[in-house]
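Thanks for coming, everyone. Let me put the structure up, and then we can walk through it.

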Amino acid sequence: KKIKQKKVKKVIIRNRNLRKKMKYKFKKFLEDKYIKRVSRFSKYLIINLIDDSFFLIHLGMSGTIHIVKSKIKKSPTNLSFYNSPFLPKKHNHIEIFFDKFNIIYNDPRRFGFFEIVKMKTNLKKNSLT
């Protein structure tokens with residue numbers, strides 16, 4: 001709910017070496033786009049963008065997502081009951097900036113991944129004949 005209809009201002013990738021190595025084009029793909037919808041399928045987070053493109057996030061075994069408000073320090077950032085509610089100092093691999101807050105992906109084991117999924121839009125008519 002927090003990122004829905006918000007514009008991504010900036011993306012910082014501190015470590016591309018996750019389970020699947022992050023593509024260099026991910027930053028360019030995501031910056032200046034609006035989040036349309038966030039949904040979940042099994043252990044995948046599906047982030048749909050306004051331009052009908054989307055990407056997947058898998059947290060792996062130890063990954064967490066933290067919401068950090070820009071002006072508030074030392075406040076709880078993680079809603080998961082499995083891990084500490086505060087942002088760790090290490091293993092913050094990806095940071096996505098919005099107007100008044102940031103989303104930070106933290107994963108000590110690096111078993112999670114972010115992946116762009118492209119839809120095939122040029123399907124030939126009568127391709128089954």
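Is Asp-32 buried or exposed? Asp-32 counts as exposed, because its relative accessibility is 52% and the cut-off for exposed is over 50%. Asp-32 is found in the loop between helix H1, residues 26-30, and strand E2, residues 35-41. Look at the backbone there as well. Asp-32 is not a glycine, yet its phi is positive, near 65°. Most residues other than glycine have a negative phi.

One caution before I go on. This is a predicted model.

Now the overall layout. The protein has 129 residues, and 36% of them count as buried. Its secondary structure comes to 1 helix and 8 strands. From the N terminus, the order is β-α-β-β-β-β-β-β-β.

Let's go to strand E4, residues 54-58. How many of its residues are buried? The count is 5 of 5. In a regular strand the side chains alternate between the two faces of the sheet. In E4, both faces are covered. Phe-54, Leu-56 and His-58 are buried on one side. Phe-55 and Ile-57 are buried on the other.

What does E4 pair with? Take strand E3, residues 44-49. E3 and E4 run antiparallel and are joined by 5 bridges. Within that pairing, Leu-45 stands opposite Ile-57. The two strands form a hairpin, with 4 residues between them. In the turn, Asp-52 has a positive phi of about 70°.

E4 has another antiparallel partner, strand E8, residues 113-117. Here, too, 5 bridges make the connection. Val-117 in E8 is the bridge partner of Phe-54.

Back along the chain to Lys-43. This residue lies in the loop between E2 and E3. Lys-43 counts as exposed, at 58% relative accessibility. Lys-43 and His-58 are 15 residues apart in sequence, with 6.2 Å from C-alpha to C-alpha. Remember that His-58 is one of the buried residues of E4.

Next, strand E1. Which of its side chains are buried? Val-11 and Ile-13 are, and they point to one face. Lys-10 and Ile-12 point to the other face and are not buried. E1 runs antiparallel to strand E6, residues 92-97, with 4 bridges between them. Val-11 stands opposite Ile-96 in E6.

The helix comes in here. Phe-29 sits in helix H1. Phe-29 is buried, with a relative accessible area of 14%. From Phe-29 to Val-11 is 18 residues in sequence and 9.8 Å in space, C-alpha to C-alpha.

On to the N-terminal segment. Lys-1 lies before E1. Lys-1 is exposed, with a relative accessible area of 94%. Lys-1 and Arg-37 are 36 residues apart in sequence and 8.5 Å apart in space, C-alpha to C-alpha. Gln-5 is in the segment before E1 too. Gln-5 is another non-glycine residue with a positive phi, about 65°. Gln-5 is partly exposed, at 47% relative accessible area.

Now charges. How many salt bridges does a search of the whole structure find? The search finds 6. I'll show three.

Start with Asp-99 and Lys-9, which meet at 3.4 Å, N to O. Asp-99 lies in the loop between E6 and strand E7, and Lys-9 in the segment before E1, so the pair ties together parts that are 90 residues apart in sequence. Asp-99 is exposed, with a relative accessible area of 61%. Lys-9 is partly exposed, at 39%.

Then Lys-20 and Glu-115, with their closest N and O atoms 2.8 Å apart. This pair links distant parts of the chain, 95 residues apart: Lys-20 is in the loop between E1 and H1, and Glu-115 is in E8. Both are partly exposed, Lys-20 at 39% and Glu-115 at 27%.

Last of the three is Glu-31 with Lys-27, at 3.4 Å between the closest N and O atoms. Glu-31 is partly exposed at 22%, and Lys-27 is partly exposed at 35%.

One more surface feature. Which residues gather in a patch of positive charge? They are Lys-2, Lys-6, Lys-69 and Lys-100. Of these, Lys-69 belongs to strand E5, residues 64-69. Lys-69 is partly exposed, with a relative accessible area of 41%.

That's my tour. Over to you.

How values were computed:
Residues are numbered from 1 along each chain as its sequence is written. This is a predicted model: local features need pLDDT of at least 70, side-chain atom pairs count only at pLDDT 80 or more; totals for chains, interfaces and linings use all residues. Side-chain values use heavy atoms; hydrogens and water are left out. Buried means under 20% relative accessible area, exposed over 50%, partly exposed in between (1.4 Å probe, protein chains only). Two strands pair if DSSP finds at least two bridges between them. Patches are made of residues with over 30% relative accessible area and no salt bridge: like charges are joined within 9 Å, nonpolar side chains (Val, Leu, Ile, Met, Phe, Trp, Tyr) within 5 Å. Accessible areas come from the Shrake-Rupley method with a 1.4 Å probe; for residues, only the protein chains shown count as cover. A salt bridge is a side-chain nitrogen of Lys or Arg within 4 Å of a carboxyl oxygen of Asp or Glu. Lys and Arg count as positive and Asp and Glu as negative; His and the chain ends are not counted. The place of a charge is taken as NZ of Lys, CZ of Arg, CG of Asp or CD of Glu.
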